[in-house]
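I opened this one today with no background on it. My plan was to look up a handful of places and jot down what turned up.

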Amino acid sequence: MAAYTCPNNASYYGNRAATLMMLGRFREALGDAQQSVRLDDSFVRGHLREGKCHLSLGNAMAASRCFQRVLELDHKNSQAQQELKNATTVLEYEKIAEVDFEKRDFRKVVFCMDRALEFAPACHRFKILKAECLALLGRYPEAQSVASDILRMDSTNADALYVRGLCLYYEDCIEKAVQFFVQALRMAPDHEKACIACRNAKALKAKKEDGNKAFKDGNYKLAYELYTEALGIDPNNIKTNAKLYCNRGTVNSKLRKLEEAIDDCTNAVKLDDTYIKAYLRRAQCYMDTEQYEDAVRDYEKVYQTEKTKEHKQLLKNAQVELKKSKRKDYYKILGVDKNASEDEIKKAYRKRALMHHPDRHSGASAEVQKEEEKKFKEVGEAFTILSDPKKKARYDSGQDLEEDGLNMGDFDANNIFKAFFGGPGGFSFEASGPGNFFFQFG
């Protein structure tokens with residue numbers, strides 16, 4: 001009331017400024033402090049309060065001028081000396097932050113802004129820069145909190161609206177993000193960052209949706225192209241790009257480009273190491289390419305994160321296939337498919353057994369004879385297992401055959417050969433020409 005009744009009294013404005021400062025209302029306090037020094041340019045406390053308000057609001061340059069004016073009036077004023085140092089410190093942090101932002105060293109920018117805010121607690125500009133960097137670092141809840149605090153005080157703050165949108169954009173809530181960017185541009189039509197972010201968000205949303213539609217329509221080549229184009233829009237959007245990589249990996253798996261699919265899923269989990277869908281997709285591709293150890297590793301990661309019955313079964317299946325892959329592959333030894341019929345298995349054995357029979361290679365070197373004898377024995381092992389439905393079932397299910405009493409080191413491959421061909425006595429291979437042999441029963 002004193003300021004109204006005595007409008008020309010500098011101390012009254014100065015006192016009201018001090019009261020407003022204690023209430024944290026620095027912008028209102030600044031007006032009173034400025035009025036007090038306009039009325040009396042020698043009013044030291046007025047200049048101090050004006051400088052303190054400028055500094056609290058983040059205008060360190062203006063604050064420095066106020067404190068320098070105090071020192072002109074009272075060169076021993078210790079408060080002005082200290083506050084001038086504080087203002088200089090804030091200016092230094094601003095310069096460092098500006099350089100580090102260009103270098104994309106966002107952690108250092110956050111550090112600088114935290115230090116600057118110790119002297120400028122009411123500076124929205126510093127808070128917004130900190131919030132933007134927190135968003136770029138993926139610390140979205142913290143960034144949202146800072147932006148929301150500002151919007152509670154000023155709902156039209158375009159920078160705060162932009163940061164809110166940026167957090168949503170990077171959390172893959174693109175439609176909501178666009179709404180905040182549009183609102184920011186209503187408040188400040190020339191807001192360059194909001195304009196770029198809005199354009200990127202709309203383009204990313206459109207490309208992703210077009211890719212999804214092409215995939216559903218079975219147009220995998222077009223889906224691949226659209227997802228690739230979407231990945232080029234904004235490399236900073238980690239979560240959305242992780243999904244795009246996984247989607248493209250799914251497309252590649254449909255196109256049977258399994259190694260490319262694995263690469264895409266690997267890029268997805270590099271961006272988001274919690275992305276279960278990408279691990280599952282990559283694990284299936286590893287299974288399809290018989291990279292069972294890698295498949296087991298991915299399924300273990302999934303099961304540790306989400307202990308469902310489905311994930312447990314997938315892990316168990318991969319572990320069985322891994323165990324089977326470490327044994328002799330009897331199907332491969334015979335050269336038949338895993339779904340081969342009984343007749344196909346017999347024909348394959350006939351062909352391989354004759355091919356590797358030791359008598360056929362009696363004139364070869366000792367090394368070749370040893371290798372062919374080994375192959376002959378393996379062919380006999382394979383036929384013994386795959387021609388017996390029970391043994392074949394146990395083998396296919398991944399059971400350890402030796403644990404079932406089938407010691408494959410004890411059987412005689414020649415006996416199997418004789419039993420299969422039904423020869424009444426001995427047998428021999430005789431030459432019919434250079435490199436040609438025919439089988440003859442004795």
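Below are my notes, entry by entry, on a model that is predicted.

**Entry 1: the largest pocket**

I began with open space. The largest pocket holds about 440 Å³. I counted 17 residues in its lining, and those nearest the centre are Arg125, Ile128, Leu129, Glu132 and Lys193. Helix H6 (78–102), helix H8 (124–136) and helix H10 (158–170) are the elements that give two or more residues to this lining. Which of them has the largest share? It is H6, with 7 residues. I also sorted the lining by class: 8 residues are nonpolar, 8 are charged and 1 is polar.

**Entry 2: the nonpolar cores**

Next I went looking for the greasy parts. In soluble globular proteins, nonpolar side chains tend to be buried together. Here the largest nonpolar core has 65 residues. Met113, Phe126, Tyr162, Val163, Tyr169 and Phe181 have the most contacts inside it. H10 is the top contributor to this core, giving 10 residues. Apart from that core I found another one, of 20 residues, including Tyr331, Ile333, Ala340 and Val379.

**Entry 3: helix H10**

H10 had come up twice, so I gave it a page of its own. Its 13 residues should span 18 Å at 1.5 Å a residue, and the end C-alpha atoms are indeed 18 Å apart, so the two figures agree. Is H10 mostly covered or mostly open? Mostly covered: 11 of the 13 residues are buried. Among them are Ala158, Leu161, Gly165, Leu166 and Cys167. The cover over these buried residues includes H8, helix H9 (140–153), helix H11 (174–187), H12 and H14.

I picked Tyr169 for a closer look. Skipping neighbours within four places in sequence, I listed its contacts as Ile174, Ala177, Phe181, Asn200, Ala201, Leu204, Asp234, Asn237 and Thr240.

From the H9 side I took Gln144, which lies in that helix. Gln144 has 16% relative accessibility, and the cut-off for buried is under 20%, so I put it down as buried. Beyond residues up to four places away in sequence, Gln144 touches Arg164, Cys167, Leu168 and Glu171.

**Entry 4: Asn252**

Asn252 sits in helix H14 (residues 238–254). Buried or exposed? Its relative accessible area is 2%, so Asn252 is buried. Leaving out residues up to four places away in sequence, I found Asn252 touching Tyr224, Lys257, Leu258, Glu260, Ala261 and Asp264.

**Entry 5: two positive phi values**

I then checked the backbone. Most residues other than glycine have a negative phi. Arg104 has a positive one, near 65 degrees, and is not a glycine. Arg104 is in the loop between H6 and helix H7 (106–119), and with a relative accessible area of 44% it is partly exposed.

Glu290 also has a positive phi, about 60 degrees, without being a glycine. The loop between H16 and H17 is where Glu290 sits. Its relative accessibility is 54%, so I noted Glu290 as exposed.

**Entry 6: Gln291 and helix H18**

Gln291 is in the loop between H16 and H17. It counts as partly exposed, at 24% relative accessibility. Its contacts, neighbours within four places in sequence aside, are Glu259, Ile262 and Tyr286. Gln291 and Ala318 are 27 residues apart in sequence, yet C-alpha to C-alpha they are 9.6 Å apart in space.

Ala318 took me on to H18, where it is one of the buried residues, along with His311, Leu315, Glu321, Leu322 and Lys324. What do the buried residues of H18 pack against? I found helix H16 (276–288), helix H17 (292–305) and helix H22 (389–396). H18 covers residues 309–325, 17 in number, and reaches 24 Å from first C-alpha to last, close to the 24 Å expected.

**Entry 7: a long-distance pair**

Last stop, Asn219, in the loop between helix H12 (192–216) and helix H13 (220–231). At 35% relative accessibility, Asn219 is partly exposed. I paired Asn219 with Gly51, 168 residues away along the chain, and their C-alpha atoms are separated by 66 Å.

Notes: Residues numbered from 1 in each chain as written. Predicted model: local features only at pLDDT ≥ 70, side-chain atom pairs only at ≥ 80, totals over all residues. Heavy atoms only, no water. 1 Å grid on protein atoms, 1.4 Å probe; cavity = no way out; pocket = protein on both sides within 12 Å on 5 of 7 lines; lining within 4 Å. Points joined across faces, edges and corners; volume = space filled by probe spheres on them. Helix = DSSP H or I, 4+ residues; strand = E, 2+ residues; numbered from the N terminus. Nonpolar A, V, L, I, M, F, W, Y, C, P; charged D, E, K, R; others polar. Core = buried A, V, L, I, M, F, W, Y, C linked by side-chain atoms within 4.5 Å. Buried < 20%, exposed > 50% of the residue type's maximum accessible area, 1.4 Å probe, protein only. Contact = heavy atoms within 4.5 Å. Expected span 1.5 Å × (residues − 1).
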